[in-house]
There are 2 protein chains.
Amino acid sequence: MKKFINNVDNLLVESLSGFASAHSDLVTLHLEPTYLTRKNASKSTPKNKVAIISGGGSGHEPLHAGYIGFGMLDAACPGHVFTSPTPDQMLTAAEAVHADMGVLFIVKNYAGDVMNFEMAAEMLPFENATVLTSDDCAVINSTYTTGRRGVAGTMIIEKCVGSLAETGANLAACKALGDKVNQRTASIGVALTSCTVPAAGRPTFDIADTEIEMGVGIHGEPGRRRETMREADAIVNDCVDAILADFKARNIHLNSEALLLINGFGATPLMELYLIYNTAAKLFHNHGVKISRSLVGNYVTALDMAGTSITLCLLDDEIKQHWDSPVHTAALRWGM
Amino acid sequence: MKKFINNVDNLLVESLSGFASAHSDLVTLHLEPTYLTRKNASKSTPKNKVAIISGGGSGHEPLHAGYIGFGMLDAACPGHVFTSPTPDQMLTAAEAVHADMGVLFIVKNYAGDVMNFEMAAEMLPFENATVLTSDDCAVINSTYTTGRRGVAGTMIIEKCVGSLAETGANLAACKALGDKVNQRTASIGVALTSCTVPAAGRPTFDIADTEIEMGVGIHGEPGRRRETMREADAIVNDCVDAILADFKARNIHLNSEALLLINGFGATPLMELYLIYNTAAKLFHNHGVKISRSLVGNYVTALDMAGTSITLCLLDDEIKQHWDSPVHTAALRWGM
């Protein structure tokens, strides 16, 4: 294992310190417990909005801290690599940013995250709700999950809900939009290589030069099956088919505009991600889906895994409005 | 070699097609010869500005096509992976976007690029000039280069010159700013792994699990020396020392604000890049350099190489103004 680290125990704090220093105009890092907020967020400067808080294990950067800022998150709670944050992190973050309109937690569906965010929610002395993201259509139940996993679609949910919250919408409306976007989003990933968790020091799984893991999770957990490596178009075709089949199985009609997110897991060149976009957009078009919004790059990663995930989010006027609205975070910025 | 490609011959066009499709609001792709322009750019819609054109081998994405748009480039000419574009590409691109105030080529200092851009410049029937970028302080002369190599600092030069051109500044002023930013910028890279050129099908160089290549180029060409892998802070310290020594050798004073760019070569997790930022910013601070601007991410890559480059650009009021100004490209966007 070759990584730019000093020692495994300090990796998270050193990295977060660099993040907070590089984006000191946007975020503030708090330690003991560890969470990040928008700069100068505090109860002494309340804003008339629902506080949007997310979190989860580290190693998926820029998720979640990279999405703190106007139009997205108010705070994020990072755990150690691929490890859930603890309830005291969410509680302290919620205390720091809530503004009397309640707190909405956006939680990826992994057992540890769900349990810890639930504990925090029960202990919170004010109104709160949770959007559980589960956009991964690869598998039902997985290594760390009962039910579908929350993957790259999570950042689309954070963008849309974050936008709605800025308008002063109430907690129920924010939760309803988050649930709707989650419902209208499907993702599937494929890995060419494993990731290497620093504390483990060796690849999470073995994979031959002739193999891919179809449906891989964002921690390198198993997907649908190990398949033979083949040309990009054939792989993308299978991913697109899986997404289309998922919407069909859930009785969600496809005849609408859509956002296509081609996400890199961390070690896939942009050149390849755009090639994947090219094929996926054509295939969806052939099935009557008009791709009117796009995003290509490393948005929800799995450390140094080579691979990609394809996410389709079916837009309606409300989702489109909140996707297009101005956002100013470290990892996503437009309109300001 | 596992990559998301169909066949090596079509990789570039398929990837560019995806790029142009994903960013159809921003760019137009032209084929035979291959170049990209801002959307709807043509002589029939002249703007009163110097046309800024860059180009070079592919594999460094988002450089250069990702920097086409308001505030940066008017056009980009991509060659095949790590291969110079040809003069007909630059000529045709220049014809398409020039607006009677001349053309400025921004060219990274590699023998093939220099030769081909020079040929295009000689054949161009209108006023033109060239900024040759050479920010890499690792080595004098290299595999593909006589003199210093142009690396990640190139995107800073493109940002600043592109901003100045939008103000209607003339060709001489744009060239002067580009030369100044180049002069005030120094970079050095380090590789943990090799990249793999698709047409070659195997890693460009062999490197042991215990080794790093200090001063590596963005094509995987050799740097200063092969060194022993060690903790991140020690590696970053050596990079910072190399940059400080370079400015000192060139008699450029350090007591100013600076932009610190921590660039990933393609396979380095953001978590590690921010850790590198944390250490580098502190070390520069200890030497009297105030880091007042920052950028962390994959901006000038080397396909799937794991590694990083550190770039310091010494700001003055003019450079700061043009770095901060609004920009709207696929890979860099703020203020609009």
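Biologist: Which strands make up the open sheet of three strands in chain B, and in what order?

Modeller: Strands of a sheet pair through backbone hydrogen bonds, and the pairing is either parallel or antiparallel. In this predicted model, the order is β4-β14-β15 in chain B, and the pairing is antiparallel. The edge strands are β4 (69-70) and β15 of chain B, each of which pairs on one side only.

Biologist: How many bridges join β14 to β15 in chain B?

Modeller: Two bridges link β14(B), residues 327-329, to β15(B), and these strands run antiparallel. For B:V327, the bridge partner in β15(B) is B:W334.

Biologist: Now the two chains. What rotation and shift lay chain B on chain A?

Modeller: Two copies of a chain are related by a rotation about an axis and a shift along it. Here a turn of 180° with a shift of 0.0 Å along the axis lays chain B on chain A, with an RMSD of 0.0 Å. The copies are thus related as by a two-fold rotation axis.

Biologist: Which residue of chain B comes closest to the rotation axis?

Modeller: That is B:A267, with its C-alpha at 1.9 Å from the axis.

Biologist: Why can one say that the copies meet through the same surface?

Modeller: Of the interface residues of chain B, 100% are also interface residues in chain A, so the same surface is used by the copies. In numbers, 54 residues of chain B are in contact with 54 residues of chain A.

Biologist: How should I read the area buried between chain B and chain A?

Modeller: The size of an interface is often given as the accessible area lost when the parts come together. Between chain B and chain A, about 4,600 Å² is buried, and carbon and sulfur atoms give 63% of that area. On the chain B side, B:K2, B:F4 and B:M271 lose the most area to chain A, together 23% of what that side buries.

Biologist: What polar contacts and salt bridges does the rule find across the interface?

Modeller: Two salt bridges are found between chain B and chain A. One of them joins the side chains of B:E272 and A:K3, at 3.8 Å from N to O. The rule also finds 24 residue pairs in polar contact across this interface, both residues at pLDDT 80 or more.

Biologist: Which element gives the most to the side of chain B that touches chain A?

Modeller: With nine residues, α1(B) gives the most. The elements of chain B that each supply at least two residues include α1 (11-22), α6 (232-249) and α7 (270-286). By residue class, this side of chain B divides into 27 nonpolar, 16 polar and eleven charged.

Technical notes
Residues numbered from 1 in each chain as written. Chains lettered and ligands numbered in written order. Predicted model: local features only at pLDDT ≥ 70, side-chain atom pairs only at ≥ 80, totals over all residues. Heavy atoms only, no water. Contact = heavy atoms within 4.5 Å. Buried area = accessible area lost by both parts, 1.4 Å probe. Salt bridge = Lys/Arg side-chain N within 4 Å of Asp/Glu carboxyl O. Polar contact = N/O pair within 3.5 Å; in protein donor to acceptor, adjacent residues only side chain to side chain. Helix = DSSP H or I, 4+ residues; strand = E, 2+ residues; numbered from the N terminus. Nonpolar A, V, L, I, M, F, W, Y, C, P; charged D, E, K, R; others polar. Least-squares fit on C-alpha atoms with pLDDT ≥ 70 in both. Pairing = 2+ DSSP bridges.
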